[in-house]
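Biologist: Could you take me slowly through one part of this model? I am new to reading structures, so please explain your terms as you go.

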Amino acid sequence: MPQYGGGGDKCPRCQKTVYPAEKLSACSGSWHKGCFKCKTCNTVLTLASYKDFSQEVFCKSCYQDKLHPHERNRKQLENKFNKQPGGGANPLTASAAAAAAAAPEAAADEE
């Protein structure tokens with residue numbers, strides 16, 4: 001009895017045969033165009049917009065969240081901390097800001 005179905009490359013996402021008309025080669029595999037989506041948010045990806053990790057494909061923002069989840073939280077905490085009174089303000093930055101504020105007054109006095 002003949003065996004039906006292609007014996008070609010299998011899509012890593014759906015495990016079905018990938019035919020040349022619908023083939024995307026990325027992440028050391030052949031993908032269907034419809035299966036080449038972010039694993040987390042299902043955003044349709046292109047060869048220019050994907051990142052791979054452990055034989056899975058992600059969009060750039062989900063990839064960043066997966067590998068560096070603390071980074072966004074760290075930035076939010078830094079911004080929150082810097083907005084508080086006396087919260088982490090750099091003395092050099094504060095003196096530079098004071099000098100910049102005084103500079104227009106000095107220019108007005110010269111005229």
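Biologist: What is the relative accessible area of Lys23?

Modeller: Happy to help! This is a predicted model, in which local features need pLDDT of at least 70 and side-chain atom pairs count only at pLDDT 80 or more, while totals for chains, interfaces and linings use all residues. Residues are numbered from 1 along each chain as its sequence is written, and side-chain values use heavy atoms, with hydrogens and water left out.

Lys23 has a relative accessible area of 36%, which makes it partly exposed. With a 1.4 Å probe and protein chains only, buried means under 20%, exposed means over 50%, and partly exposed lies in between.

The side chain of Lys23 forms a salt bridge with that of Asp9, at 3.4 Å from N to O. These partners come from distant parts of the chain, 14 residues apart: Asp9 is in the segment before β1 (23–26), and Lys23 is in strand β1 itself. Strands here are DSSP runs of E with at least two residues, numbered from the N terminus. Asp9 is partly exposed too, at 38% relative accessibility. To count as a salt bridge, a side-chain nitrogen of Lys or Arg must be within 4 Å of a carboxyl oxygen of Asp or Glu.

The whole structure has two salt bridges. In the other pair, Glu56 and Arg13 meet at 3.2 Å, N to O. That pair also links distant parts of the chain, with Glu56 in strand β4, Arg13 in the segment before β1, and their positions 43 residues apart. Arg13 is partly exposed at 29%.

Glu56 brings us to β4, which is covered on both faces: Glu56 and Phe58 are buried on one side, and Val57 and Cys59 on the other. Four bridges join β4 to β3, and the two strands run antiparallel. (Two strands pair if DSSP finds at least two bridges between them.) One of these links is between Tyr50 and its bridge partner in β4, Cys59.

Now look at the turn of this hairpin, which has two residues between the strands. Ser54 lies in the loop between β3 (50–53) and β4 (56–59), and so does Gln55. Ser54 is exposed, at 58% relative accessible area. Its phi is near 55°, a positive value in a residue other than glycine. Gln55 also has a positive phi, near 60°. Those signs are worth a second look, because most residues other than glycine have a negative phi.
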